Amino acid sequence: MKKKIENLNTATKLLLSFTCIIIFYIVTVVAAIIGIKSVGGTLREFYDKPYQISTSTLLMRSAIQGVGRNLLCVASGIDGAESQTYLDEAKRYIKVVESGLEELQQDYTEEEALFADVEKQITALKPARDELIKLLEQGNKEKAMEVYRTAYEPQAKITRTALESLGNAAEKDVQEYLDNVLAKTRESYLYTQLRDLVENYYDI
């Protein structure tokens, strides 16, 4: 085969060289286009799901902690207009939790058991939270403190733990996304290196 190639005239050799390079260029371009589309699709999937879930669970955990902190401040003795400020802030945190749960319901399709547990724990937290707010608005701080200690905070810890587990699962998906992008980047790099080798071989 090598002897046959050596016996070819110069024009035929040049034509063969250019043909090989054109073929490798086409393969490289096609591979790059496929890679870009694949990475773009993976990026959308990453942003729409794992990233959003991870962010939502973190915000919800912080919000639940914020609700407890503000209600505890009022139950501990803050009075007057300042107590209403704390209650209003606690209600804003509650809206963060509720909107976060709605986002999870729309976006999350993986780890159904973890998501179901989050829904269950948030639902279980609501009665103690609402009772606590009602008692504080009525000025019954002694009873409110008891509800906080025996009902709200224990359930709040369980709920935050459930959200943490869901967030960890989403972060695992994020890592898988990063590994996928890295693999595709390496594949594109190999195609480019192969093309350069061919160009150098034919000294073009």
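**A cavity lined by three helices and Tyr152**

Ile64, Val67, Ile94, Val97, Leu125, Arg129 and Tyr152 line the largest cavity (1 Å grid points over the protein atoms alone where a 1.4 Å probe fits but cannot get out; lining atoms within 4 Å of a point). Helices α2, α3 and α4 each give two or more residues to this lining (helices are DSSP runs of H or I, at least four residues; strands are E, at least two). This is a predicted model, where local features need pLDDT of at least 70 and side-chain atom pairs pLDDT 80 or more, while totals for chains, interfaces and linings use all residues. Numbering starts from 1 along each chain as its sequence is written, and side-chain values use heavy atoms, without hydrogens or water.

**Fold**
- The chain has 5 helices and 0 strands.
- From the N terminus, the order of elements is α-α-α-α-α.
- The chain has 204 residues, and 31% of them count as buried (under 20% relative accessible area; exposed is over 50%, partly exposed in between; 1.4 Å probe, protein chains only).
- Take the contacts (heavy atoms within 4.5 Å) between residues at least 6 apart in sequence: 77% of them join residues at least 24 apart.

**Cavity**
- The structure holds 1 cavity of 30 Å³ or more (volume is the space filled by probe spheres on the points, which join across faces, edges and corners).
- The largest cavity contains about 30 Å³ of space.
- Its lining comprises 6 nonpolar residues, 1 charged residue and no polar ones.

**Nonpolar core**
- The largest nonpolar core (buried Ala, Val, Leu, Ile, Met, Phe, Trp, Tyr and Cys joined through side-chain atoms within 4.5 Å) has 32 residues. Leu71, Leu132, Leu136 and Tyr152 have the most contacts inside this core.
- Four helices give two or more residues each to this core: α2 (10-75), α3 (80-107), α4 (112-138) and α5 (141-201).

**Tyr152 and its partner**
- Tyr152 is among the core residues with the most contacts and also lines the largest cavity.
- Tyr152 counts as buried because its relative accessibility is 0%.
- Beyond four places in sequence, Tyr152 touches Ile64, Val67, Gly68, Leu125, Ala128, Arg129, Leu132 and Val147.
- A search of the whole structure finds 1 aromatic pair (ring centres within 6.5 Å).
- That pair joins Tyr148 and Tyr152, with centres 5.9 Å apart and planes at 25 degrees, and is stacked (under 30 degrees; over 60 is edge-to-face, the rest tilted).
- Tyr148 and Tyr152 are separated by about one helical turn, because they sit 4 residues apart in helix α5.
- Tyr148 is at 12% relative accessibility, so it counts as buried.

**Arg129**
- Arg129 lies in helix α4 and is one of the residues lining the largest cavity.
- Arg129 has 7% relative accessibility, so it counts as buried.
- Its contacts beyond four places in sequence are Val67, Ile94, Glu98 and Tyr152.

**Ala151**
- Ala151 belongs to helix α5.
- At 30% relative accessibility, Ala151 counts as partly exposed.
- Ala151 and Ala128 are 23 residues apart in sequence, yet their C-alpha atoms are 5.9 Å apart in space.
- Outside four places in sequence, Ala151 contacts Ala128 and Glu146.

**Asn70**
- Asn70 is in helix α2.
- Asn70 counts as buried, because its relative accessibility is 1%.
- Setting aside neighbours within four places, Asn70 contacts Tyr86, Glu89, Ala90 and Tyr93.

How values were computed. Rings of Phe, Tyr and Trp (its six-membered ring) pair if their centres lie within 6.5 Å; planes under 30 degrees apart count as stacked, over 60 as edge-to-face and the rest as tilted. On a 1 Å grid over the protein atoms alone, a cavity is a set of points where a 1.4 Å probe fits but cannot get out, and a pocket is an open set with protein on both sides within 12 Å along at least five of seven lines; lining residues have an atom within 4 Å of a point. Ala, Val, Leu, Ile, Met, Phe, Trp, Tyr, Cys and Pro count as nonpolar, Asp, Glu, Lys and Arg as charged, and the others, Gly among them, as polar.
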